[in-house]
Structure formats: structure tokens, C-alpha cells
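Please read the report below beside the sequence and the three-dimensional view. It takes up the nonpolar cores, one strand and its partners, the surroundings of the ligand, and a few loop residues.

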Amino acid sequence: MPDAVADAPRKFTLQDYKTDVHVDWCPGCGDFGILSSIQQALLQLQIPPYKIAMISGIGCSGKTPHYIDTYGLHTLHGRALPVATGVKLANHELTVVAVGGDGDGYGIGAGYFLNTGRRNLNFTYIVFNNGVYGLTKGQASPTLRKGLKTKSMPEPSIQEGINPIAVALGAGYTWIGRGYALDVKTLVPLITQAIRHKGTAFLDVYQTCPVYNDIRTKEWYAGEDIGRPRLRRLDTEPDWDPVVKDPDDPDEIVGKKVRALQASYETADRLAVGLFYKVELPTYDDQLAAKVPALKDHPLVDLPVFQRDVTPLFKELE
Ligand code: SF4
């Protein structure tokens with residue numbers, strides 16, 4: 001839990017997490033549900049807005065930091081995670097939330113997605129997963145399943161879509177979940193848990209793109225064609241237990257990962273949402289502080305090394 005939560009000087013309202021910037025996503029876009037859920041989660045956690053940094057890549061979802069009244073950086077395509085890593089290392093007292101789309105994170109930023117998982121810095125990564133590159137007119141993204149053809153594609157995809165939960169399990173993320181953009185009631189607690197988690201939390205969110213993805217529509221997720229919801233809520237299943245009790249027990253870790261992996265694969269009429277896997281392991285931040293004791297009391301940005309005049313260095317490089 002970030003210290004910032006305990007330090008909150010007053011009760012923040014939902015308005016404190018909103019900006020005046022016009023939200024210009026298309027009407028009916030699932031991004032609205034995710035934005036609202038992030039704002040409500042921050043409200044519930046009562047983290048002061050000035051102790052939060054929202055970091056995004058490029059894509060429709062990349063605009064999210066513009067709409068949340070915290071520190072924020074709208075970075076390059078696929079680069080939300082390395083920038084979030086730098087922000088967290090420079091000031092570990094900030095609550096850092098990286099956001100981006102599936103094309104941004106699983107395509108162009110795929111290398112960062114893997115390496116962020118094995119590092120276990122204490123921050124959250126939320127992916128708005130709609131199966132297309134919405135901002136550039138709906139090309140197939142890495143999660144679009146083979147054989148599907150959305151409305152701006154000339155032919156069905158001949159590549160298989162990736163399973164982000166499976167990749168995250170392999171990469172080493174210590175909190176892994178999946179939500180649905182139009183189910184704010186269950187998405188808010190997932191985001192709250194992800195931010196509270198000590199370590200890197202990864203949350204994939206199924207997101208509807210009514211303009212370009214005419215296959216996975218809200219009616220499709222609701223299962224109107226099969227007569228029951230396609231989404232299977234893991235938390236309602238009596239024997240579902242995704243939390244590792246003993247992080248020193250490799251058998252328990254492997255067993256929990258295998259169950260999560262099995263649940264993460266989609267079938268034609270079943271998609272699981274909820275918490276897939278959670279384990280408490282030493283974070284990168286803690287391991288760094290053990291090597292550099294000064295970091296226990298002060299963030300890197302406040303240490304004397306940052307107070308030095310670096311002008312001579314820049315002069316030397318001119
Ligand atoms: Fe949302 Fe799709 Fe419009 Fe982008 S193109 S804002 S993802 S509906």
C-alpha cells in the first residue's frame with residue numbers, strides 16, 4: 001500500500017480526479033468505463049492526486065492521463081512501461097499507473113511487457129484490450145483471434161491472437177487480472193486491488209470499440225446470441241483460489257500458475273474475468289533500497305546526487 005494513502009490530508013472527491021479536458025473518445029467506447037473505474041478506484045483509495053503519476057503510450061487509451069487530474073506523461077508508442085519504470089525509480093513515493101492499448105503494449109511494447117513482469121517494481125499496468133488499433137482505423141492488433149475480420153480489414157486475420165494472461169504468467173507478474181470495461185462494478189475493485197498490490201500488477205481489460213471492432217460488441221460479451229453471458233467471473237466460483245500462500249513453495253507457485261493458465265484461455269463461449277494469480281515476492285524497489293539504504297528514507301529524486309549542478313556535464317557533451 002503506498003504511504004501516500006496514509007498521508008492523505010483531507011477527503012478527496014471524485015471531482016479531484018477529473019480534469020476539464022474534453023473526453024474525445026467515440027460515443028459508446030469502452031474506454032469511458034475504464035476511465036471512470038480508474039477514477040473511482042483512486043477515490044476509494046484516497047490517494048492524493050499530487051502523489052499519483054499516470055503514464056500512457058500511444059493509441060485511443062493513451063489519452064487517459066489527460067482526463068485524470070494527477071501528474072501524467074503521454075509517451076511514445078509502446079513506451080509507457082519503461083517510462084513508468086523510470087518514474088517509479090526516481091520517486092518511489094508516487095503511486096504509478098501505466099495505461100495503454102493492446103497494440104501499444106503487446107505489439108510495439110512487447111519487449112517491455114515481458115521485462116517489466118520479471119522486474120516486479122511496485123506499480124500497476126492496465127491494458128485497454130479491444131483487438132484493434134483503433135486510433136489508426138482498426139487494423140488487427142496482437143489479440144485479434146485468427147480467422148476474424150473486423151470491418152476495416154480487407155481479409156480475416158491469418159495470425160493467431162496472443163493470450164496476454166499466459167504471457168504475463170510466464171514473464172513473472174505478481175498480480176494478474178482481467179476485467180471488462182462495461183462492468184464498472186467489478187472493474188473498480190480489480191483496479192483497487194491492483195494498485196494496492198506490492199509488486200507489478202497487470203490488469204488486462206476487455207474493451208469494446210464500437211467503431212472498428214464489430215465482432216466483440218457489448219451484445220457479444222453479453223452473450224445475446226448464445227442466451228447467457230460470455231464472461232465467467234472467477235470470484236464466483238467456489239473452488240477458485242488464485243493467491244499463493246507460501247511464496248517459498250515452488251510447487252504451490254507452479255500449481256497456481258497452471259490453474260491460472262488453464263482459466264485464461266478463451267473458448268468460443270467462455271471468457272474468464274477476475275483475479276488469476278497473486279503472489280507476494282520481494283519488489284525491485286525493496287531490493288534496491290537494501291543496497292542503497294538512503295532510499296529507505298528518501299526517494300532518489302531527493303538525494304544529493306540530484307541536487308548537483310549538471311551543467312558542466314552537458315557542456316562537456318556539447
Ligand atoms: Fe474507442 Fe474505438 Fe473510438 Fe478509439 S476508435 S475512441 S477505441 S471506439
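The largest nonpolar core has 32 residues, of which Y173, I176, F202, F276 and Y277 touch the most other members. A nonpolar core here is a set of buried Ala, Val, Leu, Ile, Met, Phe, Trp, Tyr and Cys residues joined through side-chain atoms within 4.5 Å, and buried means under 20% relative accessible area, exposed over 50%, and partly exposed in between, with a 1.4 Å probe and protein chains only. The elements that give two or more residues to this core are strand 1 (52-56), helix 4 (80-90), strand 3 (95-101), strand 4 (124-129), helix 7 (164-171), helix 10 (250-264) and strand 10 (271-278); helices (H or I, at least four residues) and strands (E, at least two) are DSSP runs numbered from the N terminus. Apart from this core lies another, of 31 residues, among them W25, I52, I68 and V97. In soluble globular proteins, nonpolar side chains tend to be buried together.

The model is a predicted one, in which local features need pLDDT of at least 70 and side-chain atom pairs count only at pLDDT 80 or more, while totals for chains, interfaces and linings use all residues. Residues are numbered from 1 along each chain as its sequence is written, and side-chain values use heavy atoms, with hydrogens and water left out.

Leaving aside its neighbours within four places in sequence, Y277 is in contact (heavy atoms within 4.5 Å) with L169, Y173, T174, W175, I176, P242, V244, I253, K256, K257 and A260.

Strand 8 (residues 201-206) is mostly covered, with six of its six residues buried. A201, L203 and V205 point one way from this strand, whereas F202, D204 and Y206 point the other way, and all are buried. Strand 8 pairs in the parallel sense with strand 4 over six bridges, and also with strand 7 (residues 175-180) in the parallel sense over six bridges; two strands pair if DSSP finds at least two bridges between them. In strand 8, V205 is the bridge partner of F128, and L203 is that of G177. From strand 7 the chain crosses through helix 8 (residues 184-196) to strand 8 in a right-handed β-α-β crossover, a term that applies if, with the strands pointing away from the viewer, the path from the first strand over the helix to the second runs clockwise.

Around the ligand are W25, C26, C29, C60, N130, G134, Q207, C209, P210, V211 and Y212, each with a heavy atom within 4 Å of the molecule. This shell divides into eight nonpolar, three polar and no charged residues, where Ala, Val, Leu, Ile, Met, Phe, Trp, Tyr, Cys and Pro count as nonpolar, Asp, Glu, Lys and Arg as charged, and the others, Gly among them, as polar.

The following table places four loop residues.

| Residue | Loop between | Relative accessibility |
|---|---|---|
| T19 | helix 1 (3-6) and helix 2 (31-45) | 23%, partly exposed |
| T70 | helix 3 (64-67) and strand 2 (71-74) | 15%, buried |
| Q46 | helix 2 and strand 1 | 12%, buried |
| K137 | strand 5 (132-133) and strand 6 (139-140) | 56%, exposed |

The C-alpha atoms of T19 and Y67 are separated by 5.2 Å, although these residues are 48 residues apart along the chain. Most residues other than glycine have a negative phi. Q46, which is not a glycine, has a positive phi of about 55 degrees, and K137, also not a glycine, has a positive phi of about 85 degrees.
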